[in-house]
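Here are some notes to read alongside the model. Please keep the structure open while going through the points.

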Amino acid sequence: MKIKSTKAFLVCLLCFALLAAVHASVASSAGEGGIARESGDVQPPIFGTNEQELEAVLADLGIEVPISKPSIYVNEAGYVSDRDKTILFVGGQCGNTFEVVRSYDQAVVYTGTIPESDRDKLSGVAFGVADFSVVDEVGTYYILTDIVGQSYPFTIAEDTYENLFLNLLRNMSDDNRQESAVGVCDMSFGMHAIMCAMQYNGSLFEAAYAHLEEQEQDKQLVTQLLYMANWLIAQQDTDGSLYGDYEATAAFCGVMAMSRCSFGKYEKSVDKEYQQAQERAWNWLCKQECTTDIQKNARFYAATQLFNSDGNSIYRKLADEFLKEQGKDFYADRFLFYGMISYLSSEKGVDRDLCTNIVMDITDRAQNLCTKAKEDTIAGIGVRTIPDALLNMRYLSFANYLSPNKEYTLIIENTIQYIGGLNEYGVCCIGADGKWRNAQVTQERNLEWNGIMLFGMSDMLNNLNAINNVR
């Protein structure tokens, strides 16, 4: 009873605090010239960040509270001037028309029709998708209707994607890091995704670095990756393993080998340290049984990285024998996916027939993803969770690197907008500042999420630039 009473007291206290803050906010707005449309400032729905903080605190107490959300979903991460722009109206009771309102002077720059809602087959939510692509002028806006009020504010700019990419670079180390076997795998695959992005789209990163301030030089990816590698090495046990876990040790072994290829050639001490770390990890793996599918997948990943690093035929033989077995699905399993792209990207010489078969599988899966995305009239991505959307982005980014395709690029762009707020939750998962928002749908985030976003965005920007140059 005492625990329940304490929770009840805390809930009341938090609610009173929130109501007081809201009252003060409303009073302040009134004192400065009335309601939001007359004051010159865009006012988001009455519950904003404070409500999200309250929800998080109450969740820690094991208490669920109803949360008010706008019925107009926008891409809060921002839209690009000359690209398509859509908004989602939720529930079918939003009225007949909407207005796009410029924030600083409340001028209505566009009036559109709210379409009838259709039941989304993937989420079960009724959405109406409206287009306002004709609005291209740079600025901050919001959507307004007579019935459900206004949306959160959003920006339109020519360099929206470039700024988001740069801010992702600044915040690449912002991840839910944990010292555990799972944390080692998340860190290792996140590093792998980041290094792939750097290898495949290097010129874009070099251009981005020019926009970093002098005091931000530690935000360069090389510096951050070296720090991450040291964080991993600090967790290696004296027997060579990480937490005595096969998967974590294999992931560590592989990413040490990859890091050695990327950075060891520039610094002998780094090369030696990483080589010793990878060898200790591999020696431990060789002493363990490798009988389950996940263990075999993990060993394949480590072997491909070691082959790229050392060129030893023993590692290639292990990888070749593994790939010759039928029924490999490179889509979802991280060891298989990253091992596969490392095998295809090897400069040491690999089995061409195996490579041809893998590329055919990649193309077939990518086309299946495109088909599902075309059938998705709401978000244009074919899935309805943030992790699944990132899986698709990861896969299509590599497929796009192998063979640039406008459809792949469009799905990646749609995914970024989905994550920015055009999703069934109406939640902006990552803002224009390049930081993940604290929300229920982002609690699983880890460094690999950051790496996939960087991989996908760098791939998309390169392809959009290529498309614009052709115009």
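1. In strand β5, Tyr110 is the bridge partner of Val100. This is a predicted model, and the pair belongs to an antiparallel arrangement in which five bridges join β4 (residues 97–102) to β5 (residues 108–113).

2. What lies between the two strands of this hairpin? Five residues separate β4 from β5, and in this hairpin Gln106 takes a positive phi near 55 degrees.

3. Strand β4 also pairs with β8 (residues 139–145), again in the antiparallel sense, through four bridges. Here Arg102 has Tyr141 of β8 as its bridge partner.

4. From β8 the pairing can be followed on to β10, since three bridges join these two antiparallel strands. In this pairing Thr140 stands opposite Thr155 of β10.

5. Is the pairing of β2 with β10 parallel or antiparallel? Strand β2 (residues 79–80) and strand β10 (residues 154–157) run in the parallel sense, with two bridges between them. Tyr79 has Ile156 as its bridge partner in β10.

6. A further group of strands forms an open sheet of four, in the order β1-β3-β7-β6, and its pairing is antiparallel. The edges are β1 (72–73) and β6 (118–119); each has a single partner strand, so one side of each is left without a neighbour in the sheet.

7. Within this four-strand sheet, β3 (residues 86–90) and β7 (residues 126–131) are joined by five bridges and pair in the antiparallel sense. Ile87 has Ala130 of β7 as its bridge partner.

8. Please also look at Glu424, which sits in the loop between α15 (406–419) and α16 (447–470). Is this residue buried or exposed? Glu424 is buried, and yet it has no salt bridge.

9. Why does Arg384 not count as a salt-bridge partner of Glu424? Arg384 is the nearest side chain of opposite charge, but it is 4.3 Å away. A salt bridge requires the side-chain nitrogen and the carboxyl oxygen to be within 4 Å, so this pair does not qualify.

10. Glu424 does make polar contacts through its side chain. One is with the side chain of Tyr418, at 2.8 Å. Another, of 3.2 Å, joins the side chains of Glu424 and Tyr425.

11. Leaving aside residues up to four places away in sequence, the residues that Glu424 touches include Tyr73, Ser123, Val125 and Phe127. Thr385 is also among them, as are Arg384 and Tyr418.

Terms used. Residues are numbered from 1 along each chain as its sequence is written. This is a predicted model: local features need pLDDT of at least 70, side-chain atom pairs count only at pLDDT 80 or more; totals for chains, interfaces and linings use all residues. Side-chain values use heavy atoms; hydrogens and water are left out. Two strands pair if DSSP finds at least two bridges between them. Buried means under 20% relative accessible area, exposed over 50%, partly exposed in between (1.4 Å probe, protein chains only). Lys and Arg count as positive and Asp and Glu as negative; His and the chain ends are not counted. A polar contact is a pair of N or O atoms within 3.5 Å; within protein, one must be able to donate a hydrogen and the other to accept it, and residues adjacent in sequence count only if both atoms are side-chain atoms. Contact means heavy atoms within 4.5 Å.
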